[in-house]
Amino acid sequence: MTQHPTTEERRPANDGPKAAARNRAALIAAAREVYAEHGLDAPLSGIARRAGVGQGVLYRHFPDRAALADAVLEENVREVEQAAAAAGATLAGVLGVLTWHLTESAAFIGLLHADRTGGRTEDRTDGVHAHASALSERVARSLRGHLTVGHRLGEADDLMLAVAMVSGAVTGPTRAERERRALAAWRLLGVEVGAVRPFAG
């Protein structure tokens with residue numbers, strides 16, 4: 001006689017906190033990929049699908065869009081801050097790290113345009129854009145800390161305007177093409193940029 005597995009035998013083991021940690025990591029990884037491709041306004045359902053979890057799981061970890069965007073973009077911003085705080089850091093070096101992130105992620109570009117693009121009122125008051133604006137300001141502070149007296153971008157908001165202008169040039173089907181265009185934009189602005197690479201510590 002064939003024995004059928006009981007409900008308990010069919011149900012996968014519940015790893016509790018381990019499963020929760022795995023799901024959170026999978027969601028952040030999926031969100032990073034989706035945001036890099038489509039920007040901060042990508043649908044959450046697509047992120048959940050790519051992570052292999054249901055939307056209920058996504059909302060258990062990230063109660064709203066802003067919380068997920070913050071978790072993903074925090075790493076980009078932290079690397080720029082670390083590059084700026086490193087011993088012997090220069091504006092050119094920090095701009096190299098910033099430019100690397102620009103060439104990697106449409107979402108990071110969106111972050112640097114937060115509340116600067118005059119979008120619809122509901123966009124500007126959305127939680128995602130409030131978080132993005134706060135993160136963008138942290139990037140601005142990191143860069144401003146390395147402006148020398150008399151630097152061509154030292155006036156008012158010139159520095160972040162230049163960053164926004166360069167980010168607008170970061171287009172192309174390959175990372176190499178995006179980097180080439182970003183460096184050309186910096187060159188046209190007369191700004192020196194160091195090696196385009198992630199912060200290595």
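In this predicted model, helix H6 (residues 91–104) packs with helix H11 (residues 175–188) at an angle of about 135°, their axes lying 9 Å apart. H6 and H11 are therefore oblique to each other, and their crossing is right-handed. On the H6 side the contact is made by Leu95, Thr99, Trp100, Thr103 and Glu104, which meet Arg175, Arg178, Glu179, Ala182 and Trp186 of H11. By kind, these residues are 4 nonpolar, 2 polar and 4 charged.

Two of the helices, H2 and H11, can be compared with the span expected at 1.5 Å a residue:

| Helix | Number of residues | Expected span | Distance between end C-alpha atoms |
|---|---|---|---|
| H2 (residues 17–38) | 22 residues | 32 Å | 31 Å |
| H11 | 14 residues | 20 Å | 20 Å |

For H2 the end-to-end distance agrees with the expected span, and the H11 distance agrees with its own expected span.

In H11, the residues Ala182, Ala184, Ala185 and Trp186 are buried. The buried residues of H11 pack against H6 and helix H10 (158–169). Two of them, Ala182 and Trp186, are also listed in the contact with H6. After H11 comes glycine 190, with a positive phi near 75°.

H2 has its own set of buried residues: Ala19, Leu27, Ile28, Ala30, Ala31, Val34 and Tyr35. Their cover includes helix H3 (44–51), helix H4 (55–61), helix H5 (65–85) and helix H7 (106–112). In an α-helix there are 3.6 residues a turn, so residues three or four places apart point the same way. Glycine 39, just after H2, takes a positive phi of about 90°.

Note on methods: Residues numbered from 1 in each chain as written. Predicted model: local features only at pLDDT ≥ 70, side-chain atom pairs only at ≥ 80, totals over all residues. Heavy atoms only, no water. Axes fitted to C-alpha atoms, helices over the stretch in contact; angles between N-to-C directions. Helix = DSSP H or I, 4+ residues; strand = E, 2+ residues; numbered from the N terminus. Parallel < 35°, antiparallel > 145°, perpendicular 65-115°, else oblique. Left-handed = near helix turned anticlockwise from the far one by under 90°. Contact = heavy atoms within 4.5 Å. Nonpolar A, V, L, I, M, F, W, Y, C, P; charged D, E, K, R; others polar. Expected span 1.5 Å × (residues − 1). Buried < 20%, exposed > 50% of the residue type's maximum accessible area, 1.4 Å probe, protein only.
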